[in-house]
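Here is a short note to read beside the structure. Keep the 3D view open and find each residue as you go.

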Amino acid sequence: AGTVACFCLLRGAGVAIGLAALATVTVVANPLYVALSVTYMTDVPFAVAMLLAACSFAAYLQNRSRWTWIAAVAFALFATLNRQIGLAL
């Protein structure tokens with residue numbers, strides 16, 4: 001989910017497909033991201049929730065759909081409940 005959200009967020013920002021794919025692979029192949037993805041630490045779930053919230057907020061700004069707003073707030077709430085720094089969203 002985080003991979004798709006990262007790619008969609010970059011494509012929504014107007015980044016070329018190749019560069020968006022390279023940036024997404026860079027995030028996913030990061031040794032810290034990979035190592036923490038198999039532990040009980042909340043770093044990777046927070047990053048995924050943050051990416052999903054940012055992608056949903058960006059989609060809301062483009063199409064002004066109520067359901068996108070609800071999804072964005074739900075993901076932001078999940079990120080905030082996961083780590084309190086999610087309040088920045």
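**Notes on the predicted model**

1. Start with I70. Its relative accessibility is 41%, so I70 counts as partly exposed. The cut-offs explain the label: buried means under 20%, exposed means over 50%, and partly exposed is in between. Keep in mind that this is a predicted model.

2. Now place I70 in the fold. I70 sits in helix α5, which covers residues 66–82. I70 also belongs to a nonpolar patch on the surface. The other members of that patch are W67, W69 and V73. The patch has an area of about 440 Å².

3. Next, turn to the interior. Which residues make up the largest nonpolar core? There are 5 residues: Y33, L36, V44, A47 and V48. Two elements each give two or more residues to this core: α3 (31–36) and α4 (43–63). Helix α4 gives the largest share, with 3 residues.

4. Look harder at Y33, one of the core residues. What does Y33 touch, leaving out residues up to four places away in sequence? Its contacts are V27, V28, V44, A47 and V48. Among these, V44, A47 and V48 are also members of the core.

5. Check the charged pairs. How many salt bridges does a search of the whole structure find? It finds 1. The partners are D43 and R83, and their closest N and O atoms are 2.4 Å apart. D43 lies in helix α4 and R83 in the segment after α5, so the salt bridge ties together parts that are 40 residues apart in sequence.

6. Are the two partners buried or exposed? Neither label fits. D43 has a relative accessible area of 25%, so D43 is partly exposed. R83 is at 29%, so R83 counts as partly exposed too.

7. Finish with the cysteines. A disulfide is a covalent bond between the sulfur atoms of two cysteines. How many disulfides does the model have? The count is 0. C6 is in no disulfide, and its nearest cysteine sulfur, that of C8, is 9.4 Å away. C55 is in no disulfide either; its nearest cysteine sulfur is also that of C8, at 4.9 Å. A disulfide needs the two sulfur atoms within 2.5 Å, so neither pair counts.

8. One last point on C6. Is C6 buried or exposed? Its relative accessibility is 9%, so C6 counts as buried.

Conventions
Residues numbered from 1 in each chain as written. Predicted model: local features only at pLDDT ≥ 70, side-chain atom pairs only at ≥ 80, totals over all residues. Heavy atoms only, no water. Patch = residues over 30% accessible without salt bridge, like charges linked within 9 Å, V, L, I, M, F, W, Y side chains within 5 Å. Areas by Shrake-Rupley, 256 points an atom, 1.4 Å probe, with all protein chains shown as cover. Salt bridge = Lys/Arg side-chain N within 4 Å of Asp/Glu carboxyl O. Helix = DSSP H or I, 4+ residues; strand = E, 2+ residues; numbered from the N terminus. Buried < 20%, exposed > 50% of the residue type's maximum accessible area, 1.4 Å probe, protein only. Core = buried A, V, L, I, M, F, W, Y, C linked by side-chain atoms within 4.5 Å. Contact = heavy atoms within 4.5 Å.
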